[in-house]
Structures are given as C-alpha cells and as structure tokens.
Amino acid sequence: MAVLRPLLLAALLWVPARTLSCYGDSGQPVDWFVVYKLPAGSRSGDSAPRGLRYKYLDASSGGWRDGVGSINSSEGAVGRSLLPLYRSNASQLAFLLYNDQPPKAVKTPESSSRGHTKGVLLMDQEGGFWLVHSVPRFPAPASSAAYSWPHNAQHYGQTLLCVSFPLAQFVQIGKQLTYAYPLVYDYKLDGVFAQKFPDLVEVVKGHHVRHEPWNSSVTLTSQAGAAFQSFVKSGNFGDDLYSGWLAAALGSTLQVQFWHNSPGILPSNCSGPQQVLDVTQTAFPGPAGPTFNATEDHSKWCVTPEGPWACVGDMNRNVGEQKRGGGTVCAQLPALWKAFQPLVKGWDPCGEESKAGEPSRRSVQ
C-alpha cells in the first residue's frame, strides 16, 4: 500500500489558540509530544523517583529532555493533557478511554478477544487529541478524583504519543478503531459528538469490521498541519503487524522495540525484501544514558534505520497478537526520527532468537 509523504514542517509547531490539545512539559499547547517512561532499574540524571522518571520530546525540544518531574504529576505533559478529564466542566467534552488491560476498579467484558490496543480520545467542539500508549490500567476513569499513574506501570518502560487533531480528523480515527476492536472502559459521546462520529458510537458498542480488507492505513493531519500515518489491523488479518505489513508499506527495514516477556515471541524476520529486527537494548544518548534491555521495557515503537520513519503504537511481536487487533502511528518528522533512531543499541539478527535477560547479539558501539 502506498504511503503518502508529508511535507517537512518548521521545527516549531504550535496549535491554534483555545482548542483542546496536547500540552507539553512547558505547560503550553503543543502539536505532538512523546513521553518515554524509563524502567525503574535505569539510571537517569533527573531527580524524580525511580519508576516515575521519563524523557520528553516534542517538535521544539531539540531532542530528548528529562521530564519536568515525576510522570505521576499533573505538571508534566501526560498529566496536564489529561486534566480536562477530571475537571467539573468535562460535561462539555467527549472522550473514549480504551485499554486491553483496563483499571482494576472498572468491570469490563473479557478482553482476550479484543484488540491489544491502548489509548485515549479527548475532544471539544473545535478539536482534541489522540493519545496512543503502552500503559496497562491507564488512565483512571473520568469519575476519579484526579490524574494518577498506576503503580503496576512503574517498573517497566512505557511510551506515550499524543497528537493534537482538528475535530474532523476524528471521523478517520473512529474508522481506524473499528479495525482495532478496542475494549472501551469509559466514554462520553453525547449529542452532536455521537452524530458526527457514528463509527466511534459503534466502537463503544463493541462493534468492529466484519469483512475484508482486514487492515487500514490513513493519513491524519494534525492541528498544525503535520502528517501522521495510522496503521491498524483487525485480528482477522492473521499476521504480525510489522513483518506482515508495516515494513512493506514503509518500504524499509524496521527495528522494533516491544515487550519481550510475553509468550511466543516472533524472531527477527528477513524473509521479505525488508527486514524486521527485534530491538534487544535501548540507550539514550549522553554519559548519563540510561541504557536498558527489552526485557525491562514494555514500550512499543519502531524506526527505519536510514530514515525517515518513526512509529509509536500498542502492539508486540508475538504469536498471539497476530490474531488480535491493534496498530501504530507513524510520521516522517525529522525531529521524531532523529530522536528514536539513536536509541537502538542492540538487536537480534535474523535466525537468532535472544534469550531473556541476555545482552543483544548485535549492538552499536
């Protein structure tokens, strides 16, 4: 499937005033950001408690920066962006919270048949954001008293990508979620929002695509005009997201970071024109690192070694997830690729499976 090449944008991207959007670590609206929550065992130069430290990236940050504090604080990018969920004026908003591992306090249907997919949609009458993440039992329902970070998500690494979108783009996002078959555990989609986004209404009801094609790719344009490509597959796709589709769609070898502690891990795949290589070790630049193995990292992202693509999503490479829905969001933004590409410290060459906890068989010196 052909992929549209977006325009290269200026480094500084801000969103229109008075529009619901992602908020950055600066406390100001931003077009997009990535937060990389560091594993508890990793060392970092910031003062936040271990297990709550994170790295922050947006279009104007000049690469990865230490988070402004703990990830459980409402002063940081994730907490500040989600604050409207927990305010009294949330009645003016629409939202969907979905997670294949929802908060324990929420009673939901059996999740094993649902997509392995996690995220938040938050909208007002002008726009909103899509937060794609890897964090189990997150975020807390809107009825909670305040933003919080779940204790179960402190030990391992996690990734969160927030992108601000005009309201019209949520029509396309709704269609994408009908493929992913997410488990929605909290939502508000009343009045005009239900009329504008019938696919989101179907997603809330637990409806999903029933016929081919079993995958879908769309270009989404952010509030500031940046192009993001959403790739989503249904469980009926029956193949790995990365080696079964994404590498060919992007026309490049992929280095994929995912959760290595699940059963049935798929080895690196070089059977096609594009290789799909399992990342085994991640290292942030600089003397303070940090460096950690994939067995410590629950995040899900991939990067093309020679550019220009970087993607953040919610799917692993294992046998079980070949038959579950989910996806990833990709972009050709230089700031995004230049931040993720150097993180790859080690990977498994094709034909050799790494053992849990062992150093990578091939590494960048």
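Eight nonpolar, five polar and one charged residues: that is the lining of the largest cavity, by class. In this count, Ala, Val, Leu, Ile, Met, Phe, Trp, Tyr, Cys and Pro are nonpolar, Asp, Glu, Lys and Arg are charged, and the others, Gly among them, are polar.

Some ground rules. This is a predicted model, where local features need pLDDT of at least 70, side-chain atom pairs count only at pLDDT 80 or more, and totals for chains, interfaces and linings use all residues. Residues are numbered from 1 along each chain as its sequence is written, and side-chain values use heavy atoms, with hydrogens and water left out.

Back to the cavity. A cavity is a set of points, on a 1 Å grid over the protein atoms alone, where a 1.4 Å probe fits but cannot get out; lining residues have an atom within 4 Å of a point. Points are joined across faces, edges and corners, and the volume is the space filled by probe spheres set on them. Searching the whole structure gives three cavities of 30 Å³ or more. The largest has a volume of about 70 Å³. It is lined by 14 residues, and the closest to its centre are Trp 130, Val 232, Asp 314, Gly 327 and Thr 328. Which elements give two or more residues to this lining? They are β8, α2 (169-180), β12 (227-233) and β18 (326-331). β18 has the largest share, with four residues. Helices (H or I, at least four residues) and strands (E, at least two) are DSSP runs, numbered from the N terminus.

Take α2. It has 12 residues and spans 17 Å from first C-alpha to last, close to the 16 Å expected at 1.5 Å a residue. That expected span is 1.5 Å times one less than the number of residues. Nine of the 12 residues in α2 are buried. Buried means under 20% relative accessible area, exposed over 50%, and partly exposed in between, with a 1.4 Å probe and protein chains only. Among the buried ones are Phe 170, Ile 173 and Leu 177. Right after α2 comes Tyr 181, with a positive phi near 55 degrees.

Now the sheet. Strands of a sheet pair through backbone hydrogen bonds, either parallel or antiparallel. Here, two strands pair if DSSP finds at least two bridges between them. One open sheet has eight strands, paired antiparallel, in the order β5-β4-β3-β9-β8-β7-β6-β10. Its edge strands, β5 (65-66) and β10 (184-188), each pair on one side only.

Look at β9, residues 158-166. Is this strand mostly covered or exposed? Mostly covered: eight of its nine residues are buried. Six bridges join β9 to β3 (residues 32-37), with Tyr 36 opposite Thr 159. Seven bridges join β9 to β8 (residues 127-133). There, Phe 129 faces Ser 164, and Gly 127 partners Pro 166.

Last, the aromatics. The structure holds 17 aromatic pairs. Rings of Phe, Tyr and Trp (its six-membered ring) pair if their centres lie within 6.5 Å; planes under 30 degrees apart are stacked, over 60 edge-to-face, the rest tilted. Phe 231 and Trp 245 are edge-to-face, at 5.3 Å centre to centre and 75 degrees between the planes. Phe 231 sits in β12 and Trp 245 in helix α5 (residues 241-250), 14 residues apart. Both are buried. Trp 301 and Phe 340 are tilted, at 5.1 Å and 50 degrees. They also belong to one aromatic cluster, with Tyr 36, Trp 64, Phe 284 and Phe 292.

Technical notes: On a 1 Å grid over the protein atoms alone, a cavity is a set of points where a 1.4 Å probe fits but cannot get out, and a pocket is an open set with protein on both sides within 12 Å along at least five of seven lines; lining residues have an atom within 4 Å of a point.
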